Amino acid sequence: MRRIFISELLKTNIVITGADAHHLSHVMRSRPGDHIVVADDAGKVGEYVMTAFSSDSVTLELVQLIEENTESPVEIILAQCLPKGDKLELITQKATELGINGIAPLTSDNCVVRYDAKKAVARQEKWQKIANEAAKQCGRQCIPEVMAITPLKSWLQGIMEQDIEVLMCYENEEQIGIKELLAHSTKKKFAVIIGPEGGFSLDEVAYAKELGIPSVSLGNRILRAETAAISAMTILQYEKGDLGGRQ
Ligand code: SAM
C-alpha cells in the first residue's frame with residue numbers, strides 16, 4: 001500500500017494537499033475507496049481510506065491504526081563529507097533504507113565540490129526529497145532529516161555537546177576497528193563521519209582526536225566514500241541496531 005508522511009498527528013479525518021494530493025489524484029489515479037498508509041511526525045502509522053477528492057485535495061478517513069516497528073533501536077547520524085557528483089544521492093537513499101535518523105553533509109579540507117549558498121540550499125532540498133522517497137519506499141515510520149551543509153570542524157564542536165558516540169572512519173587507523181569499538185560501547189546514539197574521496201587532512205584527524213573522537217578502521221581495504229558510508233551504517237545496524245532478522 002502506498003505510504004505518505006504528514007507533518008501533523010494522525011486523526012480520524014485528514015485532508016491531504018500539495019504534492020501528495022497531486023500524486024494520489026493525478027499520478028496514481030486513486031479513487032474513493034482506495035486505501036493508503038499514513039505515518040505522522042510522531043512515528044504513528046494508520047491505514048486510511050480515501051473518501052473525497054477535490055481539484056487540489058484528498059480527504060482520508062482512518063480505518064485502523066497499525067502497530068509497526070520499522071525504526072531501529074539505535075539512533076544514527078551519518079556525517080558525510082561532500083563526495084563528487086551525485087554520490088550523496090545514492091548515499092542518502094541507502095542510508096535511509098538502512099534506518100539512519102539524520103544526514104549531516106559536511107565540507108572538509110579535501111572536498112572537491114563547493115556550492116554557493118543558493119545551490120547549497122537546493123542540494124539540501126534535493127537530498128531531503130530523496131530521503132522522503134526512500135523512507136516511503138522502505139516503510140519507515142520516520143523520515144531522516146538532511147541537515148544544512150556545515151564545515152566539518154564546526155559540526156564536530158556541536159556534536160560533542162551531545163551524549164552521542166562519535167566515530168571517525170579513517171582508512172589509516174591501525175589500532176581500533178569499528179567492530180571492537182562498538183563491542184565496548186553502551187550508547188544508543190551514534191554519529192559516523194566519512195571523508196570525501198581525498199580522505200581527511202592530517203589536521204582534521206588531529207582535531208577530531210583532540211576533541212576525544214576515536215578514529216576507527218572498517219577493514220584492510222580502502223573503500224570508496226559511498227562504500228564506506230553504506231558499510232559503516234550496515235555494520236552499526238548489525239552490531240547495535242535491527243539488521244539481521246525480524247525483531
Ligand atoms: N585518503 C584516501 C585516498 O585518497 O586514497 C581514501 C579516502 S576514502 C576513498 C574516503 C573515505 O572513506 C575515508 O576518508 C574514510 O572515511 C572512509 N574509508 C574508506 N576506507 C576505509 C577503511 N578501510 N577504514 C575506515 N574508513 C575508510
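**Domain layout and ligand surroundings**

In this predicted model, the domain assignment divides the chain into domain 1, covering residues 3-66, and domain 2, covering residues 75-240. The two domains are set apart, with 33 Å between the C-alpha centres of domain 1 and domain 2. They nevertheless touch: eight residues from domain 1 and eight residues from domain 2 take part in the contact.

Attention now turns to the ligand. The space taken by the ligand is the second largest pocket. A shell of 20 residues surrounds the ligand, and the closest of these are C169, E171, L218, R221 and L223. By residue class, the shell comprises 11 nonpolar, five polar and four charged residues.

Several polar contacts can be followed atom by atom, and both side chain and backbone appear among the protein partners. On the side-chain part, an N or O atom of E171 lies 2.7 Å from a nitrogen atom of the ligand. On the backbone part, R221 places an N or O atom 2.8 Å from a nitrogen atom of the ligand. The backbone of E197 also contributes, with an N or O atom 3.2 Å from an oxygen atom of the ligand. How much of the ligand does the protein bury? Taken alone, the ligand exposes 580 Å², and the protein buries 84% of that area.

Taken together, E171 and R221 are both among the closest residues of the shell, and each has a polar contact with a nitrogen atom of the ligand, E171 through its side chain and R221 through its backbone.

Conventions: Residues numbered from 1 in each chain as written. Predicted model: local features only at pLDDT ≥ 70, side-chain atom pairs only at ≥ 80, totals over all residues. Heavy atoms only, no water. Near = heavy atom within 4 Å. Polar contact = N/O pair within 3.5 Å; in protein donor to acceptor, adjacent residues only side chain to side chain. Areas by Shrake-Rupley, 256 points an atom, 1.4 Å probe, with all protein chains shown as cover. 1 Å grid on protein atoms, 1.4 Å probe; cavity = no way out; pocket = protein on both sides within 12 Å on 5 of 7 lines; lining within 4 Å. Sits in = over half its atoms within 2 Å of the grid points. Nonpolar A, V, L, I, M, F, W, Y, C, P; charged D, E, K, R; others polar. Domains from an automatic or database assignment. Contact = heavy atoms within 4.5 Å.
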